Amino acid sequence: AHNAEGAQALAAVLDTLARQPTALVFSVVEGKPAREMLEILAPRFDAVFVTRSSNSRSVDPATLHALASAQPGAGKVISISDPLEALAAARARVGPSTASNKGLVVGAGSTFLVGDLRASLLYETRDPLPTSDPISSRRR
């Protein structure tokens, strides 16, 4: 869910799931509709962990914290700059997955964030070159 349309699609899926503890790990880069995305997503989660991806255009977590906190119905909003620490805190928040607890943690908002989290979860080596995208490449 790296744009408003993706956030709507994710929200539609979330709305079909049985009630369970949920946490969102969220980061977005400049130029994306963060307010609109959080308006759609934040109320669907018990906790929202705002963070920053490894991309140089990643929006400051303090800015995201203010945007997420302003959404009616949003769960608790927590700001953790390091995305892996945010993921760990989100996982702790929903509790261990058991037969009676089907907690759900979702990473969304930025493909760069998802890449950072995926690499860590799968123990992949990250490319030492900074991540980039077409917008930041055009600015050079």
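Which residue of β2 is the bridge partner of Phe26? In this predicted model, the partner is Val50. The pair belongs to a longer match between two strands: β1, residues 22–26, and β2, residues 47–50, run in the parallel sense and are joined over 4 bridges. As a general matter, the strands of a sheet pair through backbone hydrogen bonds, in either a parallel or an antiparallel manner.

These two strands form part of an open sheet of 4 strands, whose order is β3-β2-β1-β4 and whose pairing is parallel. At the edges lie β3 (76–79) and β4 (104–108), each of which pairs on one side only. On average, neighbouring strands of the sheet are turned by 20° against each other, with direction ignored. Helix α4, residues 83–94, packs on this sheet and touches β1, β2, β3 and β4. The direction of α4 makes about 170° with that of β1.

A further contact joins two helices. Helix α1 spans residues 4–14 and helix α2 spans residues 34–41; their axes come within 9 Å and cross at roughly 5°. Angles under 35 degrees count as roughly parallel, and α1 is therefore roughly parallel to α2. On the α1 side, the contact is made by Ala4, Ala7, Gln8, Leu10 and Ala11, while α2 supplies Glu36, Met37, Ile40 and Leu41. Sorted by class, the contact of α1 with α2 has 7 nonpolar, 1 polar and 1 charged residues.

The last element to consider is helix α5, which comprises residues 111–121. Which residues of α5 are buried? They are Phe112, Leu113, Asp116, Leu117 and Ala119. Because these residues cover an arc of only 160° around the axis, they are on the same side of α5. A general property of helices is relevant here: an α-helix has 3.6 residues a turn, so residues three or four places apart point the same way. The buried residues of α5 pack against β1, α4 and β4. Two of these partners have already appeared together, since α4 itself touches β1 and β4 among the strands of the sheet.

Val114 also has its place in α5. Is Val114 buried or partly exposed? Its relative accessibility is 38%, and Val114 therefore counts as partly exposed, given that buried means under 20% and exposed over 50%. The C-alpha atom of Val114 is separated by 14 Å from that of Glu85, and the two residues are 29 residues apart along the chain.

Key:
Residues numbered from 1 in each chain as written. Predicted model: local features only at pLDDT ≥ 70, side-chain atom pairs only at ≥ 80, totals over all residues. Heavy atoms only, no water. Pairing = 2+ DSSP bridges. Axes fitted to C-alpha atoms, helices over the stretch in contact; angles between N-to-C directions. Contact = heavy atoms within 4.5 Å. Parallel < 35°, antiparallel > 145°, perpendicular 65-115°, else oblique. Nonpolar A, V, L, I, M, F, W, Y, C, P; charged D, E, K, R; others polar. Buried < 20%, exposed > 50% of the residue type's maximum accessible area, 1.4 Å probe, protein only. Arc of directions from axis to C-beta.
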